[in-house]
Amino acid sequence: MSVIVRDEDGQIFLLCKGADSVIFDRLGKNGRNYEESTRVHLAQYGDAGLRTLALSYRIITETEYSEWNATFLKAKTTIGADRETLLEIASDLIEKDLILVGATAIEDKLQKGVPRCIDKLAQAGLKIWVLTGDKMETAINIGFACSLLRQGMKQICLTLKGIEFGSQDTSTKAAKESILLQITNAYQTISLEMNPDAAFALIIEGKALAYALEADLKDQFLQLAILCASVICCRVSPKQKAMVTRLVKEGTRKTTLAIGDGANDVGMIQEADIGVGISGVEGMQLLHHCLSSQAVMASDFSIAQFRFLERLLVVHGHWCYKRIAQMICYFFYKNICFGLTLFYFEAYTSFSGQAIYDDWYMLLFNVILTSLPVISLGVFEQDVSSEVCLQFPALYQQGARNIFFNWYRVLGWLANGVYVSLITFFFNIGIFRDQAFRVGGQTPDMAIVGTTMFTCIIWTVNCQIALAISHFTWIQHLFIWGSIGLWYIVLLVYGMMSPIISTDAFQILTEVVGPAPMYWFTTIFIVLTSLLPYFTHSAFQRAFKPMDHHIIQEIKFLRKDVNDVKMWSRERAKAKQKTKIGFSARVDAKIRNLKERLHKKRSALSSPDRGSSQFA
């Protein structure tokens, strides 16, 4: 970051701050007086876990500034894809021959709950990459502090140290060959590792990353990064953050999430599928607040602290996935139930063009009579509580594996809708075709059959959503049973209107279908028959092939989590996903080391006894 200022004497200064790897490359011959001592100090600061920046300046003449300013304004006002490139070229023209002033180092403590959040996300099956502008030593210390790195984890560092840079073509070729050799050696090391509990961490600096992201090396780099438990990219520019995000998104075809708190994270946040901005100020300066607000404005979600990402993903991510998946499947189901009965009637009447339902019935079906239960499903549904989601973060994998919106699930809902439409139509036709409907022996007309058939559809689709919902509140009860009651209110009010408006439905509830026992018997019989397959499938699945949330629901319903704490703890331990990063992985590694030491001690103690017995 650079600024150009003019002092009271009219002299123009360029003041520049940035990463030491960037500043040192832009120093002039007369600006390197403090370079060696500054490098020593930066290394010490990095080892202490401090965030460092190098400071430099340059005196600019009036003529040089005027020429550069014209170039900069031209690049700034350019509209098109080349704008960023022209701005970088303009910056390179002025950010050269700098004079080193020194370096700064500040302590940047982790926010509260970061290690716990990373541990939960790792147990949820998420792969975590860190893209930072800090020095490699600082980034490694931060990795240990947040449990991305741990003792015993083998670190793979990709750097360009030891490479002599000559001409541009020769330097590029040598750098690429070095990076390719390091990637190949690291890949072989991971492939030859025999210990299944071994964990690898990939750490790469910004200069090496620039070559690793080129077209001929990016695939090898990505494959190596996927094999590692954690990836830390150091001294990366905002553009490199966006490029790494794009590489992961396009190379793995997985959903990516980027989280950042500064203006240099905007490109990464916009490139990811989901962007999260951290908006908390926590006593920082106003300038930092303005920079963090840029990340917030560019993001899809905004949170105050990093630790809130745990609840955003593990709880609300799990809930939202299941809500949306069930809601879409249910939309298909209820409209198939309703729409196919119209098609069957057209075929039954040789495509006469006559509809079995009244026009107002068809208009109100999706608008009023079945809309509110779907809203309750999409807003309030919870298969398990938020506390259980945090205790069982592996439930998040149901969304990653797309359990509730795969072809088996979608086709199952479609088949259920087709079954309901067949039962509803043909049972109604079969029951009313040759049967007397009134006491006088009159058979039902098309209005009576259509009203009865529509009643069966309303009851079935609303009872179906009641069977699919796991979490009931008074709102769900009001919307579901209120929608069924609203149908009878609509039928009553519509029938009381003038025959000019209600036509064949005049007084149909009070004088026709209401007093007829066959209407109520048919409704109950068809609704129970329509819901029987789904109910049977659900009962069979819960009894013989239960899913994770089914087991948890049963435990909570029977209060075994309170009455049998040991069993609840055992289930939590069984559901815990094995990870190689995070606090849990660190504890597991220590337990394995203690077991290995005990085993060695037992072997050492038993070997003399075994030898003496053989000698005797």
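The second largest pocket, a pocket being an open set of points on a 1 Å grid over the protein atoms alone where a 1.4 Å probe fits, with protein on both sides within 12 Å along at least five of seven lines, has a volume of about 950 Å³, the volume being the space filled by probe spheres set on the points. Of its 36 lining residues (an atom within 4 Å of a point), L467, A468, Y534, S538 and H550 are the closest to the pocket centre. Helix 23 (517-544) gives the most to this lining, with eight residues; helices are DSSP runs of H or I with at least four residues, numbered from the N terminus.

The model is predicted, with local features requiring pLDDT of at least 70 and side-chain atom pairs pLDDT 80 or more, whereas totals for chains, interfaces and linings use all residues. Residues are numbered from 1 along each chain, and side-chain values use heavy atoms, without hydrogens and water.

The largest nonpolar core (buried Ala, Val, Leu, Ile, Met, Phe, Trp, Tyr and Cys residues joined through side-chain atoms within 4.5 Å, with buried meaning under 20% relative accessible area for a 1.4 Å probe and protein chains only) holds 51 residues, of which Y361, F454 and W487 touch the most other members. Helix 19 gives the most to this core, with 12 residues. Beyond four places in sequence, F454 touches F338, Y357, Y361, F365, L369 and W487, contact meaning heavy atoms within 4.5 Å. A second, separate core of 41 residues includes A122, I140, I303 and F392.

F306, in the loop before helix 13 (308-348), is buried at a relative accessible area of 18%.

Conventions
Helix = DSSP H or I, 4+ residues; strand = E, 2+ residues; numbered from the N terminus. Buried < 20%, exposed > 50% of the residue type's maximum accessible area, 1.4 Å probe, protein only.
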